Amino acid sequence: MKEVKIYERPKSWAKDVHTHYCPGCGHGITHRLICEIIDELGIQDDTIGTAPVGCAALMYDYFDIDFCEAAHGRAPALATGIKRTRPDKIVFTYQGDGDLASIGTAEIIHAANRGEKLTTIFINNAIYGMTGGQMAPTTLIGQKTTTSPFGRDPELAGYPMRMCELLATLETPGFITRVTVAKPKYIIEAKKAIKQAFVNQIEGRGYSFVEVLSNCPTNWGMTPVQSFEWTESAMIPHYPLGVFKNFE
Amino acid sequence: MARVLMKGTEAIAEAAIQAGCKYFFGYPITPQNEIPEYMSGKLPKIGGAYVQAESELAAINMVMGGGATGTKIMTTSSSPGISLMSEGISYIAGCEIPAVIVNVMRGGPGLGGILPSQADYMQATKGGGNGDYRLLVLAPSTLQEAVELTQMAFDLAQQYRNPVMILADGFMGQMMEAVEIKEHISENLPPREPWALGCMKERGGKRAILKSLYLNPEDLERHNIELQKKYREMEKEVRFEAYRCDGAEILLCAFGTTARIARSAINNLRNEGIKVGMLRPITLYPFPKEKIRELATGLKGVLVVEMNMGQMVEDVEAAVCGKAPVSFFGHAGGIAPSVKEIEEQIRAIL
């Protein structure tokens, strides 16, 4: 019988590495999607990633492409410097919610507003994962974290920030969308969106931003299955999926 | 290019362009605004880019990104702006990325003032950001020297894959002087392809990872030992000017604009027969400690003059190592030590 390979590791996934992510974490899914897209677009030698501070700080170990670490929140500025000096390369930032929506708010807004020809993948899991489960700007109302032990109180901490909607108020950015990796049907949509964000850059079309609603079973105190159910039942109502801007 | 009358900030900007710098990332702050203004007009015309960042934090990270592709890159700022950049400078040093940073110093601490100062000596030479890192720090005293050091800074940055700082004061930024700015062609610099981002094809498919994170303590220690080895190698770049030191009984130590003022005081005193000379560090890191010790040994005194409250004094004391008494005179910035004041200080030592 002829052997037909229908599933394999992406070529741009580094050889012989295993991620440090917790079982069931959405980072692994999103990493794989990006690698598949890099392979499908044939841009492995031309892609430069910037790694965030947070759970994905070590992502450069897992991708067989050029990578530079960024200080917390500064990836959009770092990527600006890379892309401006190497406009022939495909440059992306991969950032969590503490990184992008808190300490790096200025950098993301201004990179988007300058229309840098970059791609941003924004992982929103409503918590600081790496530091052990503190409240993020995206933490939901009533959500308990190590620094909101009684649940997030809007009187004290305001309401969770919707970054897609915020960025969509700007005239310049081209493509802004929110997806999730909570279930296979969503993952297929997520891949389409991320791929478009890379294709936009290849075509020189301006700034693309993909928010990915993810999970954090460890710091949410849930099993992987429960956590993705919570992403769907609790996060999506506050963070609606969809396209907010598409070069209109 | 013939000698032309230029403002210091513009001379630095043109010198950078003539050294092959086509990319500039900056944020407005007095008294260095003419540099980004000059760059914003020139760079787009030569196929480069000027980006006005949203903050100094962003500017220095853009510099990190540009430097990470092995491109000649520069930013300029002034004291409080350099404080904001210090986070990024630490990352740039930790990731071993070449970059040129100009600090046109103004008074501090905090918002301080907008007038000239030398109060960032310690920030420049001893860190500012976190961790065990060093910058090469060059301190010009004339605009012509600022031009030459700026051009040299790009070569040093590439050679050592390290950030290089030009430490100028507000006087140097704002005064006008005749300068000659030649095209500077870098020679014998190591190629970027073995390490820089965007050269994966040239490396035959081998990726580059630029990082300063080493979670394993043994790896972190190894990384730091390598950095220290490089900093010791950088010591051979030490530069200084010994001015009228022959037979001197008193040695003056000053850098930048202050050294220029001190030169007049030395000339006046020498005319009176008072034997005084000056050692002017041109590199503040590496510091010319051996030369200072050699010159200071057995003298009546060493006088450090600065436009700050005495930041270089500890380096001079460490260099002199008790071989002569060391004293200090200075103003905090905005007020420059005058020729007359310096003369009085020297006379008091006699």
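Reader: Where's B:Arg244 in chain B?
Author: B:Arg244 sits in the loop between strand E10 (240-243) and strand E11 (250-253) of chain B. Helices (H or I, at least four residues) and strands (E, at least two) are DSSP runs, numbered from the N terminus. It's a predicted model, and local features need pLDDT of at least 70. Residues are numbered from 1 along each chain as its sequence is written, and chains are lettered from A in the order written.

Reader: What's the phi of B:Arg244?
Author: B:Arg244 isn't a glycine, but its phi is positive, about 50°.

Reader: And is B:Arg244 buried or exposed?
Author: B:Arg244 counts as partly exposed because it has 16 C-beta neighbours inside 10 Å (20 or more means buried, 12 or fewer exposed, C-beta atoms being placed from the backbone).

Reader: What about B:Arg161, what's its phi?
Author: B:Arg161 also isn't glycine, and its phi is positive, near 45°. B:Arg161 lies in the loop between helix H6 (143-160) and E7 of chain B. B:Arg161 is buried, as 21 other C-beta atoms lie within 10 Å.

Reader: New topic: which peptide bond leading to B:Pro31 is cis?
Author: The one from B:Thr30, with omega near 5°. You'll find B:Pro31 in the loop between strand E2 (23-26) and helix H2 (34-42) of chain B.

Reader: And what's the bond from B:Gly108 to B:Pro109 like, cis or trans?
Author: That bond is cis, with omega near 0°. B:Pro109 is in the loop between strand E5 (99-105) and H5 of chain B.

Terms used
This is a predicted model: local features need pLDDT of at least 70, side-chain atom pairs count only at pLDDT 80 or more; totals for chains, interfaces and linings use all residues.
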